[in-house]
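Colleague: Could you take me through one part of this model in detail? I would like to see how a helix sits on a sheet, and then how some helices pair up elsewhere.

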Amino acid sequence: MGRRVKGADAHAAGAGKKDKPAVSVSAMLASMDAPAMTKAAKPSKSKPKPSKAPSSSSSYSYLGDVDLPPSDDEDEAADAASPSSSSRNRASRAAVHLTAAAAPSAKDARKKERREQEAAAAAHAEAAKKKALGDHDGLKDFSVTIAAPTSSPSSSSAAAQDNARDIVIDSFSVSVPGVTLLDRHAPDRARPPLRLRGAQRQGQEIAADARPAIEWVIAADEELAALRDERDRLESSKSNDDDRLAEVYEKLSLHGAGEGAARARASKILAGLGLDQAMQAKPTAKHSGGWRMRISLARALFMQPTLLLLDEPTNHLDLRAVMWLEEYLCTQWKNKTLVVVSHDRDFLNAVCTDIINLHEKKLDYYRGNFDDFESGFEQKRARAIREHQKYEKQEKAAKRSGSKAAHEKVVKQVMAKAEKANKGNKGKKNASNDQGDQKPLAVPQRWHDYCVKFHFPEPTELARPLLQLVEAGFSYHPGKQDCFKLSEVDVDIDMGTRVAIVGPNGAGKSTILKLLAGDLEPTEGQVRRSQKLRIGQYSQHFVEELKNVTDKNAVEYLLELHPDQEGMSKAEAVRAKLGKFGLPKENHLTPIAKLSGGQRARVVFTEIVMGNPHVLLLDEPTNPLDMQSIDALADALDEFTGGVVLVSHDSRLISRVCEDETRSQIWVVEDGAVKTFDGTFEDYKDEFMEEIKKEVAD
């Protein structure tokens, strides 16, 4: 390239003045330029040529803030645009090039930096995609390590252990590839091992077949089923084994399964979870996935295990069924062990006597219900922050003194204090267990809070009414008998309105939201919407649909829906929004199909925010969210000045949304009609509670 420019300069000089000897001028210029060219030769060799730079940035379409070096075509276009008859000599041209190489403009430096950022981000995105799309096999990705017992029990104690009905795990850890989720390799003798009282009995997922729901529940008790089969076989056989038949009858009686007793108990549990007699007799193949989850829960309760493990049991229940389950567990499970994972605060407060909290890869134990746990956790947090601040202050003072001995003294004092406290805890828990593997003492560490902040943008004001259903009706099969139907629905939503829709599953709560959103058209009556109305809609269906998005990450997906983003980098603007809704930055570039349900829910919420809605229609938004995210959602809805219509089984969220009685309403959907409840949400719950207590007690 240098030669080409040089040749063009010589030709231009010759064309301008023919009567002047070209050779002498060149010789003179060469003598003038020799020192400068010699000095510049070495750096120019080490600097990469622009012609070998990447040719385009189009492959990184979602990172618009990064610029790449110019391509060969761009350089040639620039050369063509420059005047061919320039009167500047080769010396001035060389000086310009040398100056530019030595001191590029601030604009060019920014462009280069942005190009490098885009290249790095694209490489990171590709690596994240390959890693996420790698072969994973669900539970097989998890690695669980259980430590061997710390001491060898005697023969008598070993026999006692064999006959024990406790599950005791002294030390264990859980991890997935590259990440430790729970680390308890070093047993902490200052606190008890994980102890679950009772023998575990496993339930069985129900299949979609022709067997009625109630038969699936009764069949869960395998011992009972075997006794009933043997009774039927003995009664029908010709052998007169009366002694064995009497023994079977006695076992059935002790089992609490007199004639019809098992069926009555199974029916009672199913009814409490929302299945009436007709639904109990219906084949499971005709039940939806949500109803089959209830049948599965009924099976677990019917088995009456001494240890019951429940993972998010309220997710597929309506509000009344959640309240029934609370009452049932509190009154019928007193002498049995329950281990439950749940994000429902009210449910945990009702049924729990102890809380185990996973924090910083460790299990911490708290006595009491969830409110007691929160109080204890906050005290522990405040103490840890004070200790770290005190240590940090002492450490800084020691460093300022410049004395290594002063710094070591601070560390020794802190370690001695920690060891003293540790010994005190050991004495309280088990004075005889002074020996044992102790976790190495460490200086106070910085406390890490898990914080999530939701925010919905301030909507523009619109005139009333924003949204109305006027004498609206809907049926999925108009004219058919015994099919779902809503009739004469009259409701309206304005700015600031807060509505909670309650009622049994299948009554039409989600259908009301779809009519308001325009996803369904009423078969009678009409829907009125303000001309400029923007609606933000959340449903579990949207979250599930994102499983099918295999070719995009969250940033690409949202930019495709909302390309007009402010700022130098549209991608960074989207990532900032995803971060506010609690999606970790390392998952921003992960293919959406590989995100968890809770992470996909955060993508949906981010999409809602980017649409700047006037009204939010939320259908069971808490199912995939953790407790901190639910609190953040409640805070954001409280600050939002637009309208909110909520379907939820989470009592606490409904109470938060409908806290202001002057602008809140409770819509009860039942028997094909929508009625406004005359009272507060707490009044509505109290009415249900009286009925539920009588049902469980009978």
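Modeller: Happy to; I will start with the sheet and its helix and then turn to two helix pairs. Please keep in mind that this is a predicted model.

The sheet is open and has three strands in the order E11-E10-E13, with antiparallel pairing. Strand E11 (485-493) and strand E13 (524-529) are the edge strands, each pairing on one side only. On average, neighbouring strands here are turned by 20 degrees against each other, ignoring direction. Strand E10 covers residues 467-475 and joins E11 through six bridges in the antiparallel sense. To find your place on screen, look for Gln-468, whose bridge partner in E11 is Asp-492.

Now add helix H17, which packs on this sheet and touches E10, E11 and E13. The direction of H17 makes about 125 degrees with that of E10. Helix H17 spans residues 509-517, and seven of its nine residues are buried, so the rest of the structure largely encloses it. Those buried residues are Lys-509, Thr-511, Ile-512, Leu-513, Leu-515, Leu-516 and Ala-517. After H17 comes Gly-518, with a positive phi near 95 degrees.

On to the helix pairs. Helix H10 (residues 261-272) packs with helix H12 (residues 289-303) at an angle of about 135 degrees, and their axes are 9 Å apart. Angles that are neither under 35, over 145 nor from 65 to 115 degrees count as oblique, and H10 and H12 are therefore oblique to each other. The crossing of H10 past H12 is right-handed. From H10, the contact uses Ala-262, Arg-265, Ala-266, Ile-269 and Leu-270, while H12 brings Ile-295, Ala-298, Leu-301 and Phe-302. By class, that contact holds eight nonpolar residues, one charged residue and no polar ones. As background, an α-helix has 3.6 residues a turn, so residues three or four places apart point the same way.

The other pair is helix H19 (residues 554-561) with helix H21 (residues 597-610), packed at about 25 degrees with axes 11 Å apart. That angle makes H19 roughly parallel to H21. Here, too, is a right-handed crossing, with H19 passing H21. Ala-554, Tyr-557, Leu-558 and Leu-561 in H19 meet Val-603, Thr-606, Glu-607 and Met-610 in H21. The residues of this contact divide into six nonpolar, one polar and one charged.

How values were computed
Residues are numbered from 1 along each chain as its sequence is written. This is a predicted model: local features need pLDDT of at least 70, side-chain atom pairs count only at pLDDT 80 or more; totals for chains, interfaces and linings use all residues. Side-chain values use heavy atoms; hydrogens and water are left out. Axes are lines fitted to C-alpha atoms, for helices over the stretch in contact, and angles run from 0 to 180 degrees between N-to-C directions. Helices (H or I, at least four residues) and strands (E, at least two) are DSSP runs, numbered from the N terminus. A crossing is left-handed if the near helix is turned anticlockwise from the far one by less than a right angle, and right-handed if clockwise. Contact means heavy atoms within 4.5 Å. Ala, Val, Leu, Ile, Met, Phe, Trp, Tyr, Cys and Pro count as nonpolar, Asp, Glu, Lys and Arg as charged, and the others, Gly among them, as polar. Buried means under 20% relative accessible area, exposed over 50%, partly exposed in between (1.4 Å probe, protein chains only). Two strands pair if DSSP finds at least two bridges between them.
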